[in-house]
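Visitor: Hi! Could you walk me through this one, starting wherever you like?
Guide: Happy to. Here it is.

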Amino acid sequence: MNKTDVVLGLQWGDEGKGKVVDCLAPDYKVVARFQGGPNAGHSISIGDRMHVLHTVPSGIFRDGVKNIIGNGVVVDPVILSEEIAAIEADGADITDRLVISTRAHLILPTHRMLDAASEAAKGASKIGSTLKGIAPAYMDKTGRNGLRFGDLLSDSFMEKYQALKAKHVGLLAQYPGFEYNIDEYEKKWLEAVQGLRRFEITDTEFLVNDLLAKGVPVLAEGAQGSLLDIDFGSYPFVTSSNTMAAGVCTGLGLAPSKVGRVFGIFKAYCTRVGSGPFPTELFDETGDTLRRIGHEFGATTGRPRRCGWLDMVALKYAVMMNGVTDLIMMKSDVMDGFDTIKVATSYKLDGKQVDTYPFDGGVGVEPVYTEIKGWKQDLTAIRDYDSLPAAFKDYVSFIECETGCRVSIISIGPDRDATIRR
Ligand code: IMO
Ligand code: MG
């Protein structure tokens, strides 16, 4: 019996999950997304092209790897179809490589409108949602009103669709002044739904468990990040799913005993898009430098990402909550020119020291920093750990010591080969 290994983000998303999953995928036969939806933007750089995936698992560019969209995912058929068209534009046919769970919920055009209306009504206290309809779709799931891929196969699909749409139209009327027109999107949506029927739509919990029983290695791919988890993130500035390792079980239909290694990805600094507490956020030139060198602009929305120093309080929390077995550090090369690097090792609130991640994500805390000497050397051409500068290894050791977890992969650029495995 094999176990499912997991790749997930330890911060607020955008840690580099796409690249890591694409790199690890050849070691596995299956890659499965277990939560989230098209709010994700997973970038994979192959040759001179950058591919951005929102719903399709990041193993899709590896021959012989099956990609599963699990029951925990919410899917917008239009976005999924566009992604598939972009992948197949190069002549590939991925019909046999993509499988969708009958239990995965559909994001309706009206879910997108509800997301937009809700965010507009919140004004300054908005979440900063990607406006892909994520929260309304998960609300319908937990409210037991949702429409699932399995419904597509039934004769009453259109009836169910119209009933849910009518409910949404009623809800949208509660937002005075919110105008919308879904006609065009709905047309594309209904076409996309039919187009997706060429893929295998099945009870993927049986598929995944059968594969594991046969000894086939499976990799679960997380979306968003641990600090955006609906239960343990910086609520209410979070997404609507369980982004942590526990989500693998409910999002794929796996028992906890079937989860193996947990690869936790973090950036050597921090970024966040959307609203919500971010204790180590930098509003100065250093923040601008991180954004500029790190190309920190959203892959899904294009928004500039908020940037700041590494936050050890938050990282240690994420390592604990996910049972991380291996750390993967991304984008350290972005700090190649820095004289000094700071890491928050605790917070201060009302004069008191705070060592654990607060329930509100750290509203009003002040970070307490440890300073570390920069390595001041271009890392991008280095391919083996021993050749890395001593100051860089000190940074890695510091993180390992604080988290109690080994950094087993280091990425020093977007390309597949810009990866150092220890
Ligand atoms: P990947 O998988 C970064 C953020 C949004 C917003 C909050 C809620 O690329 O790491 P939602 O659309 O889920 O209702 O938005 O969560 N967010 C992400 N931030 N990376 C992501 O995904 C994100 N998905 C959602 O910016 O603050
Ligand atoms: Mg992203």
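Guide: Let's begin with aspartate 14, which is partly exposed, at a relative accessible area of 23%. Keep in mind that this is a predicted model.

Visitor: OK, and glycine 41, buried or exposed?
Guide: Glycine 41 counts as buried, with a relative accessibility of 14%.

Visitor: Which residues coordinate the magnesium ion?
Guide: Those two: Asp14 through OD and Gly41 through its O coordinate the magnesium ion, ligand 2, at 2.1 to 2.4 Å. Aspartate 14 sits in the loop between β1 (4–9) and α1 (17–24), while glycine 41 sits in the loop between β2 (30–33) and β3 (42–46), so the pair ties together parts 27 residues apart in sequence.

Visitor: Nice. Switching to ligand 1: how many residues surround it?
Guide: Ligand 1 has 21 residues around it, and the closest are Asp14, Lys17, His42, Thr130 and Thr239.

Visitor: What's the mix of nonpolar, polar and charged in that shell?
Guide: The shell around ligand 1 has 8 nonpolar, 10 polar and 3 charged residues.

Visitor: And which backbone atoms come up against ligand 1's oxygens?
Guide: Glycine 41 turns up again, with a backbone N or O atom 2.9 Å from an oxygen of ligand 1. A polar backbone atom of glutamine 224 is 2.8 Å from a ligand 1 oxygen, and for a backbone N or O atom of isoleucine 127 the distance to an oxygen of the ligand is 3.5 Å.

Visitor: How much of ligand 1 does the protein cover?
Guide: The protein covers 98% of the 550 Å² of accessible area that ligand 1 has on its own.

Methods:
Residues numbered from 1 in each chain as written. Chains lettered and ligands numbered in written order. Predicted model: local features only at pLDDT ≥ 70, side-chain atom pairs only at ≥ 80, totals over all residues. Heavy atoms only, no water. Near = heavy atom within 4 Å. Polar contact = N/O pair within 3.5 Å; in protein donor to acceptor, adjacent residues only side chain to side chain. Areas by Shrake-Rupley, 256 points an atom, 1.4 Å probe, with all protein chains shown as cover. Nonpolar A, V, L, I, M, F, W, Y, C, P; charged D, E, K, R; others polar. Donors = N, O, S within 2.8 Å, 3.2 Å for Na, K, Ca; no water. Helix = DSSP H or I, 4+ residues; strand = E, 2+ residues; numbered from the N terminus. Buried < 20%, exposed > 50% of the residue type's maximum accessible area, 1.4 Å probe, protein only.
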